[in-house]
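User: I'd like a close look at one part of this model, and then how that part sits in the whole. Could you walk me through it?

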Amino acid sequence: MVELFKEEIRDDGRQSSKGNQLKFVRDNIWYKADYLGYEGLAEYTVSKLLGFSNLDKTEYVDYDLEQITYNGNVYNGCRSKDFTDGWNLITLERLFKNVYGTGLNKVIYSVQNHEDRLKILVEQVERTTGLPDFGIYMNKMLTIDSIFLNEDRHTHNIAVLTNDKNEFRLAPIFDNGAGLMSDTMMDFPMSLDVIHSIDKVKSKTFCDDFAEQVDIAEKLYGEQIHFSFGYNDVKAIVDRCEIYDETVRERVIELVMQMRRRYEYLFKI
């Protein structure tokens, strides 16, 4: 458990569609307190399961669980090392407003065809930043979001790294805390039946259907990520999260396994 203070609160410039968690920085470690449910558990579980993928460890942020004491209250949450290495994190939305005076989200949703929306997003980011293969990066992110039901991935929540020389780098994939139906306060209370609720979770990147987003990303950029975890791996990871109630942990395991079955073709065990 760590006690954190007001002067350590940070705003990283990203916006959530559901409000913002308390975030803190101390000694190059970021801490995030749960806000609507079990975001820390979702963040931790997703990052550990990405270790069972073909991603390099530099391609995603690794999270650990943490209990945070702030202003007399105790929060469950998570922590991670600062990955910016002296660079600045800038969201795609803010980047495009700075360069063009209009947000990327408005540009994307001015187009009706969903495939064209992803093409425009990728092409505009590559043109603005000079980063190659941004489509492959988006493919990996969208696939992760689909398998783990991250309902909060939009242009305010996709970012790149930049420096004072106007150079750009890809950011590792991060911020999966809105996945796995972690919002138990508003949209996904614990009383919901998991299996019948999965299709109620909507994506936000360029359309509201996770499967369609992955289909389009694979059509344009191929299959870029594969996994190798099974039930025993998931259970071993989630069972370690004893700061969360057993019912919450059981729901997370059930959700992951349901989504694994839906995306069986991406598993190479």
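How many bridges join strand E2 (residues 23-26) to E3, and do the two run parallel or antiparallel?

Analyst: Happy to take you through it, with the reminder that this is a predicted model. Strand E2 is joined to E3 by four bridges, and the two run antiparallel. One of the pairings puts arginine 26 against isoleucine 29 of E3. Two residues lie between the strands of this hairpin, and aspartate 27 there has a positive phi near 50 degrees.

E3 itself covers residues 29-33, and four of its five residues are buried. E3 also pairs with strand E5 (residues 73-81), again in the antiparallel sense, over five bridges. In that pairing, tryptophan 30 is found opposite serine 80 of E5. So E3 has bridges both to E2 and to E5.

The side chains of this region bring us to the nonpolar cores. Ile29 and Ala33 belong to a core of eight residues, which also includes Val2 and Tyr70 and lies apart from the largest core. That largest nonpolar core has 73 residues, and Leu121, Phe134, Ile144, Phe148 and Phe227 touch the most other members. Helix H5 (residues 134-148) gives the largest share of the 73-residue core, with eight residues. In general, nonpolar side chains tend to be buried together in soluble globular proteins.

Phenylalanine 148 is worth a stop. Leaving out residues up to four places away in sequence, phenylalanine 148 touches Val46, Leu49, Leu50, Gly179, Leu180, Phe227 and Phe229.

Elsewhere, helix H8 (residues 231-239) has Val234, Ile237 and Val238 as its buried residues. Viewed down the axis of H8, these fall within an arc of 90 degrees, so they line one face of the helix. The buried residues of H8 pack against helix H1 (39-50) and helix H9 (246-262).

Stepping back to the whole chain, its secondary structure comes to nine helices and eight strands. The radius of gyration is 18 Å, close to the 18 Å that the globule rule gives for 269 residues, so the chain is as compact as a globular protein of that length. Its C-alpha trace spans about 45 × 45 × 35 Å along the principal axes. Of the 269 residues, 54% count as buried. Among contacts between residues at least 6 apart in sequence, 70% join residues at least 24 apart. The chain exposes about 12,400 Å², with carbon and sulfur atoms supplying 46% of it.

Definitions and conventions
Residues numbered from 1 in each chain as written. Predicted model: local features only at pLDDT ≥ 70, side-chain atom pairs only at ≥ 80, totals over all residues. Heavy atoms only, no water. Buried < 20%, exposed > 50% of the residue type's maximum accessible area, 1.4 Å probe, protein only. Pairing = 2+ DSSP bridges. Arc of directions from axis to C-beta. Contact = heavy atoms within 4.5 Å. Rg over C-alpha atoms; globule rule 2.2 N^0.38 Å. Areas by Shrake-Rupley, 256 points an atom, 1.4 Å probe, with all protein chains shown as cover. Core = buried A, V, L, I, M, F, W, Y, C linked by side-chain atoms within 4.5 Å.
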